[in-house]
Structures are given as structure tokens and as C-alpha cells.
Amino acid sequence: MVKTTSVMLQTLCVPCACHCRYCLLSWDGVTHGADWERSKRCAAAFGSWIKEQRPELRFHFSFGYSMEHPALPEVLDFLREIGSVGAEYLQCDGLRIRTPDETAAFVRMLREHGVRHLNFTVYGTEAYHDRFAGRKGDFRWLLALRAAARKAGLETSVGVPLNRENAAQIDELLDVLGPAGVRLFIPHAEGRGAQLEPIRLRMEDDSHLSETAKALLNRRVYRTEAEWIADPPPAPTERSLLLSLTPENIADFEQSDYADILAGAEALDEAYYAPIPPIEELMRLYGDPSGDAFFGARDLAARYQKRWLREHGLQPYDVTDERQTGSRRF
């Protein structure tokens with residue numbers, strides 16, 4: 001039995017200044033989310049209902065494709081009012097590049113409005129990162145914003161998606177970043193991440209990483225396919241629901257019973273996963289006991305699950321597409 005433990009309401013209404021090869025939301029230059037003000041009213045009402053009627057659920061409200069909202073100070077205040085995590089934790093990819101003075105003022109504003117932590121994604125050394133992110137100057141901008149944030153006393157963290165192309169750059173990158181607050185991770189195949197399959201990290205690449213770099217990759221979380229088969233992950237017991245507001249569905253959301261909205265999202269989740277065999281059976285069907293490519297458990301399971309659905313001619317509504325209403329099991 002999978003239990004719902006949290007709800008995320010989102011509207012993808014803010015443009016992103018980058019066009020990364022690795023984009024969970026497959027940003028295509030067009031915003032697909034509902035109007036901000038209407039979405040904000042929905043979040044306030046829905047959050048109040050959850051607090052009163054379903055207090056066991058965590059509730060958050062988010063927006064994208066980047067955090068470059070034209071009224072960001074007011075947005076941060078609103079997120080704090082409703083208790084959403086985005087009030088304190090800001091994901092900084094795809095922001096507008098600012099001058100040094102603008103950067104300092106931006107960081108002061110974030111601190112004044114309660115932001116405590118800034119997170120960055122860096123894809124490799126400067127030239128590689130800028131090509132990967134689709135924007136010249138992005139690498140230096142992220143480093144400048146990170147330095148300004150640290151100077152202002154804000155916490156920072158950096159995630160580096162590790163692949164076959166950038167593995168040899170990691171030590172040089174760490175010389176620039178320093179290892180503090182940096183983690184390496186294996187990018188998943190969601191969104192445009194599917195295009196990275198040809199460069200998924202393999203054991204051969206891992207063996208060439210320095211000990212410093214290896215220490216930044218959590219090998220309990222990221223293992224080779226062979227390692228997962230030898231020690232399968234437990235079945236998910238919880239799920240987070242994602243409710244994505246769009247111009248097409250926001251009127252229905254405004255008029256519907258919130259209990260029905262949650263039940264509908266849970267039904268989509270159940271319909272997607274109900275016919276799929278458990279991970280151990282999928283591993284017997286599709287797993288390579290000598291597979292040396294690295295995966296997170298959820299990413300490997302999704303790989304097998306989607307293959308099983310294709311082979312059985314099933315095309316359920318895709319609850320794993322995070323541009324639309326769906327769920328995440330864990």
C-alpha cells in the first residue's frame with residue numbers, strides 16, 4: 001500500500017534563460033503554466049484546506065521554469081506565508097545574468113525576504129558548462145552569484161550531474177568550486193535527461209575519478225545496474241502528488257472539491273503502476289547482471305517499467321512526466 005504524504009502544486013509560468021541538455025521540464029521556450037495570480041489564489045485556498053482537512057500532508061507551491069519571477073520579493077513573502085519550502089531554498093539555474101552591483105542587490109533582497117539557501121547546477125568546466133546550459137557566460141554568472149551569496153552569509157550547494165563526458169573534468173572543476181557543498185549525482189532520464197543515455201556514467205569512468213571526486217558521489221544512492229540487481233531496492237511505500245496548473249485546467253481546479261482533486265491524482269498514480277510487476281520481477285525480465293552503468297533506484301525502475309508498458313501495448317497517462325499532474329513514489 002502506497003501512502004500519500006505530500007502535495008506539490010505548481011504553475012510553469014516563468015521563462016528560463018537557459019536551454020540545458022538536461023532539463024527535467026523539457027523547457028522549449030514557451031511557458032505552459034497557468035496565470036500566476038490565479039495560481040497564487042489557488043495555492044492559498046488549497047493550502048488552507050489541506051491544513052484544516054488533511055494536516056498530515058505536507059503542502060508546497062512552486063513555479064518554473066526558473067525562479068526569475070518579475071515580482072520575486074512578493075513571491076517569496078507569499079511562499080513563506082503558506083509555509084512552502086521555496087521561501088527559504090532557491091534553485092538558481094536559468095536566472096537572468098546580472099552585473100556585479102545587480103548581483104549584490106539581488107542577494108541582499110533574497111536575504112531580506114528570508115531565503116537561506118541557494119542551489120546551483122554546474123555541468124562541468126566553463127566551456128563545457130556553457131555549451132551544456134545553452135548560454136555563454138552562464139558558468140561565470142553562477143560562480144559570481146555563489147560568491148556573493150556566501151559573502152552575504154547564505155548557505156550554498158552545487159550539484160554536478162556526472163556523465164562520461166565530464167568525468168575527466170571533475171578535479172579541475174573542484175579546483176574552481178572547492179569540494180565544500182558540492183555533490184556529484186547521476187542524472188536521471190526524465191525530461192530531456194533521456195538524451196543523456198549515450199553518456200551515462202559507467203564503472204570504467206568511475207574508476208578514473210580521484211578519491212576526492214568519488215567521495216562526493218553517494219554510492220549508496222547511485223549504483224551500477226549489476227549492484228542493484230544483487231541488492232534490489234525496497235518497494236516504494238510513499239508518494240508525493242504533483243498538481244500542475246495550466247490554462248486548460250485551472251478553471252476546473254478553482255471549481256472542484258479539493259478532496260476530489262487529490263483522489264483524482266491518486267487514481268492516476270494507481271492506474272499507472274497497478275499493472276506493472278514489482279521491481280524484482282522486472283529485474284529478472286530486463287536486468288543485466290553484468291550491467292556497469294550507474295543509476296539511481298527510481299531511475300532504473302522507471303527504465304524497466306516503461307519498457308514493460310511498451311512491450312504490453314499499454315499507454316497509460318504518464319504520471320512520471322513532471323510537467324503535468326502526476327506523482328513521485330519513494
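**Strands, core, cysteines and a helix**

Author: Glutamate 238 in β8 is the residue that lysine 3 stands opposite. This is a predicted model, in which local features need pLDDT of at least 70 and side-chain atom pairs count only at pLDDT 80 or more, while totals for chains, interfaces and linings use all residues. Residues are numbered from 1 along each chain as its sequence is written, and side-chain values use heavy atoms, with hydrogens and water left out.

Reader: How many bridges join β1 to β8, and do the strands run parallel or antiparallel?

Author: Strands (E, at least two residues) and helices (H or I, at least four) are DSSP runs numbered from the N terminus, and two strands pair if DSSP finds at least two bridges between them. Here β1 (residues 3-14) and β8 run parallel and are joined by 8 bridges, whereas β8 pairs with β10 (residues 326-329) in the antiparallel sense over 4 bridges, with serine 240 opposite arginine 328.

Reader: How many residues of β8 are buried?

Author: Buried means under 20% relative accessible area, exposed over 50%, and partly exposed in between, using a 1.4 Å probe and protein chains only. In β8 (residues 238-245), 7 of the 8 residues are buried.

Reader: Which residues touch the most other members of the largest nonpolar core?

Author: A nonpolar core is a set of buried Ala, Val, Leu, Ile, Met, Phe, Trp, Tyr and Cys residues joined through side-chain atoms within 4.5 Å. The largest has 82 residues, and Leu9 and Phe46 touch the most other members. Beyond its neighbours within four places in sequence, Phe46 has contacts (heavy atoms within 4.5 Å) that include Val7, Leu9, Phe59 and Leu243. A second, separate core has 16 residues, among them Ile279, Met283, Phe295 and Leu300.

Reader: Why is cysteine 92 not bonded to cysteine 18?

Author: A disulfide is a pair of cysteine sulfur atoms within 2.5 Å, and a search of the whole structure finds 0 of them. Cysteine 16 is in none, the nearest cysteine sulfur, that of cysteine 18, being 5.1 Å away. The sulfur of cysteine 92 has its closest cysteine sulfur in cysteine 18, and because the two are 12 Å apart, they are too far for a bond. Cysteine 92 is buried at 0% relative accessible area, and cysteine 16 also counts as buried, at 18%.

Reader: What span should helix α13 have?

Author: The expected span of a helix is 1.5 Å times one less than its number of residues. For the 15 residues of α13 (residues 297-311) that gives 21 Å, which agrees with the 21 Å between its end C-alpha atoms. Its buried residues include Leu300, Tyr304 and Trp308, and the elements covering its buried residues include α11 (258-273) and β9 (294-296).
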